[in-house]
Every structure is written in structure tokens, then in C-alpha cells.
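User: I'm new to reading protein models. Could you walk me through this one, feature by feature?

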Amino acid sequence: MHFGPHLLLAALEGLVTSAVLALTALGLSLVFGVMRIVNVAHGEFFMLGAVLAWAISTAISGHPAIGFVAALVIAPLLVGLAAFLAEWLVLRRLKYNPESTIVATIGMLYIIQQLALTFYGPEARPVEPPFSYRILLPWFGYSGYKLSVVAASAVLLVITWLVLTRTKIGLIMRATQYDRETAQAFGIPVERVYAGVFAVGAMLAAIAAVLIVPISQAHYLMGQDPLLLSFIVVIIGGLGSLRGTVVAAILIGLSDGIISMFFSPTLAKIIATLVVAMVLVFRPQGLFGTTPR
Amino acid sequence: MRDASPAKTYALHIGVIALLFALNFVLPDYHQGLFARIMALAVFAMGYNLLFGYVGLLSLGHAMFFSAGLYGAGLTVYHLGWGVPEAFIAGVACGALLALIVGLLALRTAGVAFMIVTMMFAQVFYLLILYFATWTGGDQGLVIQQASRVFSIGGTSFDLTDPTVRYMSALALFAIVLLVTLAVVRSRFGRVLVAIRENEERTKMLGYDTVANKLAAVVASGAICAASGAAYALLFGYVGSNFASIQYSILPLLWVLLGGAAATLGPLIGTLFMYYVTDITSGFTSAYLLIVGVALILLVLFAPKGIMGSIRERWLRWLT
């Protein structure tokens with residue numbers, strides 16, 4: 001293959017990464033923006049979504065599409081339930097103290113990871129894609145499923161944006177984010193909003209995982225990379241900024257795809273992590289964010 | 001200010017050191033080895049406690065200081081054939097230098113950003129170890145041969161592979177670091193650190209250079225953690241990238257939380273307790289991480305002050 005098509009392939013792969021990353025990072029960003037806590041277990045909710053997707057799609061016989069659709073509906077709901085319980089049993093009792101919640105979510109990370117290892121095992125297992133249509137480009141054929149992942153992610157991002165800006169629920173969430181105490185004084189059930197946001201954040205990660213699992217397999221350690229990349233995206237995009245998160249996800253996904261196709265993936269990660277650490281040190285509000293209140 | 005009774009406090013600490021010394025002669029072989037490991041790692045936890053307990057800075061990247069010491073000592077022995085004392089000093093120097101650089105950058109941030117920045121620097125350090133696998137051995141690690149772990153001081157030869165020598169070396173390091181941290185936290189400098197933890201703005205207003213004090217604490221903490229790493233490499237003869245992974249940044253946090261933050265004996269108690277809990281439970285389950293996870297959550301929920309913190313609150317109010 002020549003350089004041009006090679007670059008196109010790398011860009012397409014990067015776009016798929018971006019699409020999944022944007023959803024995962026959006027979940028992290030919502031939780032941070034509204035609740036002001038850093039959820040270190042976010043990557044494990046992602047992994048849980050993928051593992052459950054495997055379990056559901058193997059339990060259902062028939063056409064792979066039926067199992068996949070079932071997984072796409074059920075897995076995020078189960079993950080949302082788990083997150084809701086974690087919020088209710090642990091985070092609420094810690095009064096959302098930023099440092100205690102980090103320690104507690106590290107604890108959750110280990111618990112979820114160990115449970116996945118015990119019940120799911122150390123193997124990586126694939127999920128069959130719902131359809132296997134190949135789009136033929138002049139230089140190479142490209143999986144139609146991968147492109148549909150990008151489309152699905154875009155639709156979900158638009159829906160989230162509409163919910164946040166055009167509905168009452170979104171208004172309540174933004175009010176809570178803006179000023180928790182005033183919101184409470186105006187009769188907003190802040191604790192219920194927090195529980196809902198934490199569950200929705202985890203569900204977004206789970207949806208992203210179900211979408212990606214037919215491409216890359218389900219594995220109990222698969223939550224590590226999305227967690228780190230989501231952090232990077234959220235920081236570069238500016239904490240709590242939806243537009244910034246999406247732009248940063250595309251930027252990181254594309255550059256990750258292109259750099260790791262032409263250079264060593266480890267080197268790509270080193271550079272990306274270092275750049276982000278420096279952004280956080282010298283421009284804490286992110287590249288697109290505004291100064292925090 | 002707490003009622004200061006230095007005599008009682010020092011007597012307790014020296015008593016603990018004496019007890020550990022005596023244990024060498026009564027412990028069975030297996031537990032003697034385990035205790036040597038625990039003492040070396042308790043030094044790591046003490047270095048972490050200096051920053052987390054006394055200054056209130058929660059770092060999620062201390063594995064980089066530990067592994068800076070580990071590789072600083074291990075690689076100089078392995079590649080350059082340095083002797084044990086020189087390699088140990090090299091390890092500590094690497095950790096202190098890294099802590100200076102990281103401190104200068106990371107202290108520009110605070111709170112959650114400080115945690116994430118330290119975690120990311122540690123991740124870069126970890127990836128660099130993997131990237132330069134030709135020299136570091138990558139995730140396979142390097143084994144330091146017995147011959148390069150023998151050294152002599154004043155004509156007496158010490159072999160670090162001998163269990164008793166290893167135990168006593170770990171104890172010596174532990175005792176020195178314990179007494180030094182005790183002296184540090186009781187000093188003027190230590191009180192300024194606690195003042196920063198309690199109210200940084202007010203400390204600044206009283207005329208203290210809080211940034212310089214915090215930087216000094218980061219460097220001291222990094223150097224102590226590196227000393228632990230260097231000792232670990234030389235005592236147990238193995239360096240590997242596993243020690244630089246995020247898990248080794250979380251473990252000292254767990255040990256300190258368990259033992260009690262801002263208590264000089266807390267890190268030892270926490271490390272000892274956690275090591276034996278894992279050792280006993282690993283007899284009937286391999287779910288070691290589950291225990292770590294449950295312990296972390298229960299600790300922040302029900303015992304945020306840890307074992308020593310609770311003891312101090314109830315009975316030993318004079319303890320530092």
C-alpha cells in the first residue's frame with residue numbers, strides 16, 4: 001500500500017477509537033462536572049459492559065444481531081445499576097469528599113477487576129458483530145460495522161447534548177453543577193441527581209464498550225487504557241465541557257491511531273501522557289475550557 | 001498543640017526497634033524473610049506518609065520514586081558493576097532528583113489535579129522502563145546475582161543474600177528512617193508542614209514560604225521512597241517494571257490509611273497488617289485484589305484515621 005491509503009486506514013481506525021473514546025470520556029466528564037469527583041473505577045465500568053455483552057450475546061442463540069442488540073440494551077442497564085448501588089452504598093456516605101472518593105473508587109476498581117477475573121476468567125473473548133458488511137474502497141475493503149460504530153456514537157453524543165441543553169432534566173443537572181447549595185434550596189433533590197449522573201456516566205462507558213467489543217475482544221484488564229485515555233481527553237477538553245470533550249476525543253483518537261501505525265505505540269503513549277501532564281500543570285482549565293468558578 | 005512528651009515517644013519508638021531486633025532470633029525462616037520485606041516496604045510507606053499524612057498531599061504516583069531507587073541501585077550494579085553502598089546512594093540520589101523535578105512541576109497544581117498529574121508522571125516513568133527494555137529488562141526484569149550483593153565495610157564482609165544480614169540491613173534502614181521522620185515531624189519544619197495541611201492560606205499569611213516547604217517535603221518523601229526501592233533491589237536481588245506500575249502507587253496509600261496517616265508508626269503497622277492479611281488469605285483464595293479493594297472502601301468509610309490514629313485518639317494522646 002502507498003502512503004496515502006495507509007494514512008486513510010490509520011485515520012479510519014483512529015476515528016473508531018475517537019468515537020468510543022468520546023462516549024467513555026463524556027461519562028467521566030459528566031460525573032466530574034456535576035459531582036466534582038474523579039471516578040477511577042470508570043474504566044472498570046467500561047470493562048464490565050464488555051464482559052456482560054459477551055455473557056448476554058453467548059446466552060442468546062440465533063442470529064448474532066439479536067444477541068448484540070440484547071447486549072446493547074441489557075449490559076448498560078446492569079452496569080448503571082451497579083454504579084447506582086456503588087454511589088448509594090459508598091460515595092453518598094463519604095459526602096463526595098474528593099480525596100476519600102478517589103480512594104473508594106480505587107477500591108471499586110480492584111473489586112470489579114477481581115470479580116471479573118474470578119467469574120469471567122483471564123481469556124480474551126470475542127463477540128460476533130451484528131452484521132459483517134464490507135465497504136469496498138478503491139485501495140482496501142473496510143468493515144461496515146466499524147463505520148456504524150462511529151455513526152452510533154455520534155447519534156448518542158447528539159442525544160446527550162440535546163438532553164443537557166433542551167430538557168428539564170438537563171436544566172436540573174446544570175443547576176446542580178453550577179451551584180449545589182442554591183439548587184438544593186430551590187427544591188432540587190441533589191442526592192438523586194448525583195445518583196442518576198453517576199449511573200448515566202457508567203452507562204455511557206458501558207455502551208461504548210458494547211459497541212467496541214465486536215472489534216476488540218472482552219478482557220478483564222481492558223478498562224485500563226480507556227481510563228487513562230478518558231482522563232487525557234477530559235483534561236485536554238476542559239473538565240465538564242461537552243464540546244471540548246468531543247473535540248479532544250477526535251484529536252486524541254486520530255493522533256493515537258496515526259502515531260501508533262507509524263511509530264511505536266509505547267512511544268505514542270509516553271508522548272501523549274507527558275503532553276497532558278504538562279497541559280494540566282501549565283493550563284489547568286484545559287485547552288478549550290474556561291477558568292473554573 | 002499536643003502535650004509534648006518526647007521521652008515517652010522516643011522510648012516507644014526505640015522499644016519497637018528493639019522488639020524487631022529481638023524477633024530476628026525467634027522468628028521461623030519464612031517469617032524472618034517476610035519481616036525483612038515488610039520493613040523495607042514500611043520505609044516506602046513512611047516516605048509516603050511524610051507527604052500524605054503531614055502535608056496532606058495525596059500523590060498517586062509514588063511508585064516512580066520507589067522504582068527510581070530500585071532501578072538507580074539495580075542498574076548501576078547490573079550494568080556498571082558498582083558496589084552495594086555506592087549503588088544504594090545512586091538509587092537515593094535518583095529518587096531525590098526525580099522528586100525535585102516532579103515536585104517543581106506538580107506543585108503548581110493542587111487537589112485532584114495534583115493526584116492526576118503525579119499519576120501521569122508515574123505512568124510516563126513506567127512506560128519509559130518498558131520502552132528502554134534493552135537496559136531495564138522491561139516487564140521480565142533483571143536478577144542481580146549473589147556475587148554483586150556482597151560488600152565489606154572496615155574489613156568485615158556482608159552478604160545480603162544471607163537471611164540474618166538481610167534482616168539486619170532492612171532493620172537498620174527502617175530504624176534510621178523511623179527516627180529521622182520522628183525527628184523531622186517534631187521539628188519546626190514538621191510543624192510548618194502540618195500547618196500547611198490544616199490551612200495553607202493562613203500559613204502563607206504568617207510569612208512561611210509554603211511552596212518551598214512543600215517542595216522540600218516532596219524531595220524528602222521521594223528520597224525516602226527511593227531508599228526503600230534501592231534497599232529492595234539490593235536485598236532481594238530483583239528489579240522489574242511491575243514495581244513502577246500504578247498498583248505500587250496505591251499500595252503505600254493503602255498501608256498508610258490502614259496504619260494511620262500522620263502517625264510515625266502507622267506505616268509499619270499498616271504494612272505489617274496488610275502483608276499478613278494477604279499472606280493468610282492467599283492460603284484459601286487467589287482473590288488478593290478483592291481484599292485490597294474491600295479494605296480501601298471499608299477504611300475510608302469507617303476508619304479514616306487508621307489503626308494508629310484510632311489508638312492515639314483513645315489511649316495514647318501523647319503520641320506523635
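Analyst: Let's take it in steps, from the overall fold down to single residues. Keep in mind that this is a predicted model.

User: How many helices and strands are there in chain A?

Analyst: Chain A has eleven helices and two strands. Reading from the N terminus, the order is α-α-α-α-β-β-α-α-α-α-α-α-α. The two strands therefore follow the fourth helix in the run.

User: What does the radius of gyration of chain A say about its shape?

Analyst: The idea is to set the value against what a compact globule of 293 residues would have, which is near 19 Å. Chain A comes out at 19 Å, so the two agree. For the outer dimensions, its C-alpha trace spans about 60 × 45 × 35 Å along the principal axes.

User: What share of the residues of chain A count as buried?

Analyst: A residue counts as buried when its relative accessible area is under 20%. By that cut-off, 51% of the 293 residues of chain A are buried. What chain A does expose adds up to about 13,200 Å², and carbon and sulfur atoms supply 70% of that area. You can also look at how contacts bridge the sequence: of those in chain A with a separation of 6 or more, 76% are between residues 24 or more positions apart.

User: Which residue could I look at as a buried example?

Analyst: Try Thr245(A), which sits in helix α10, residues 242-262. Thr245(A) has a relative accessible area of 0%, so it is buried. Look past its neighbours within four places in sequence, and you find Thr245(A) in contact with Ala22(A), Ala25(A), Leu26(A), Ser29(A), Val233(A) and Gly237(A).

Another one is Val190(A), in helix α8, which covers residues 190-212. Val190(A) is buried because its relative accessibility is 1%. Setting aside residues up to four places away, Val190(A) touches Thr176(A), Arg180(A) and Gln184(A). Val190(A) and Arg180(A) are ten residues apart in sequence, with their C-alpha atoms 7.2 Å apart in space.

User: And which residues form the nonpolar patch on the surface?

Analyst: The members are Val69(A), Val73(A), Ile74(A), Leu77(A), Leu78(A), Leu81(A), Phe84(A), Leu85(A), Trp88(A) and Leu89(A), with about 890 Å² of accessible area together. Take Leu78(A) as one of them: you'll find it in helix α3, residues 64-91. Leu78(A) has 40% relative accessibility, so it counts as partly exposed.

User: How many salt bridges does the whole structure have?

Analyst: A search over all chains finds eight. One of them joins the side chains of Glu13(A) and Lys146(A), at 2.8 Å from N to O. Glu13(A) belongs to helix α1 and Lys146(A) to helix α5 (residues 144-166), so this pair ties together parts that are 133 residues apart in sequence. Glu13(A) is partly exposed at 27% relative accessibility, whereas Lys146(A) is buried at 16%.

User: Which residues are linked in a network of salt bridges?

Analyst: That network links Glu87(A), Arg92(A) and Glu191(A). Within it, the side chains of Arg92(A) and Glu87(A) meet at 3.3 Å, N to O, and both of these residues are buried. Elsewhere, Glu123(A) forms a salt bridge with Arg125(A), where the closest N and O atoms are 3.0 Å apart. Glu123(A) is partly exposed, at 40% relative accessibility.

User: How many residues of each chain are in contact between chain B and chain A?

Analyst: On the chain B side there are 35 residues, in contact with 37 residues of chain A. About 3,300 Å² is buried between them, and carbon and sulfur atoms give 86% of that area. The count of salt bridges between chain B and chain A is zero.

User: One last feature: why would a positive phi catch the eye?

Analyst: Most residues other than glycine have a negative phi, so a positive one stands out. Arg36(A) is a case, with phi near 60 degrees. Arg36(A) lies in the loop between α1 (3-35) and α2 (42-59) and is partly exposed at 42% relative accessibility. Ala262(B) also has a positive phi near 60 degrees. Ala262(B) is in the loop between α11 (247-259) and α12 (266-281) of chain B, and at 12% relative accessibility it counts as buried.

Terms used:
Residues numbered from 1 in each chain as written. Chains lettered and ligands numbered in written order. Predicted model: local features only at pLDDT ≥ 70, side-chain atom pairs only at ≥ 80, totals over all residues. Heavy atoms only, no water. Patch = residues over 30% accessible without salt bridge, like charges linked within 9 Å, V, L, I, M, F, W, Y side chains within 5 Å. Areas by Shrake-Rupley, 256 points an atom, 1.4 Å probe, with all protein chains shown as cover. Salt bridge = Lys/Arg side-chain N within 4 Å of Asp/Glu carboxyl O. Helix = DSSP H or I, 4+ residues; strand = E, 2+ residues; numbered from the N terminus. Buried < 20%, exposed > 50% of the residue type's maximum accessible area, 1.4 Å probe, protein only. Contact = heavy atoms within 4.5 Å. Rg over C-alpha atoms; globule rule 2.2 N^0.38 Å. Buried area = accessible area lost by both parts, 1.4 Å probe.
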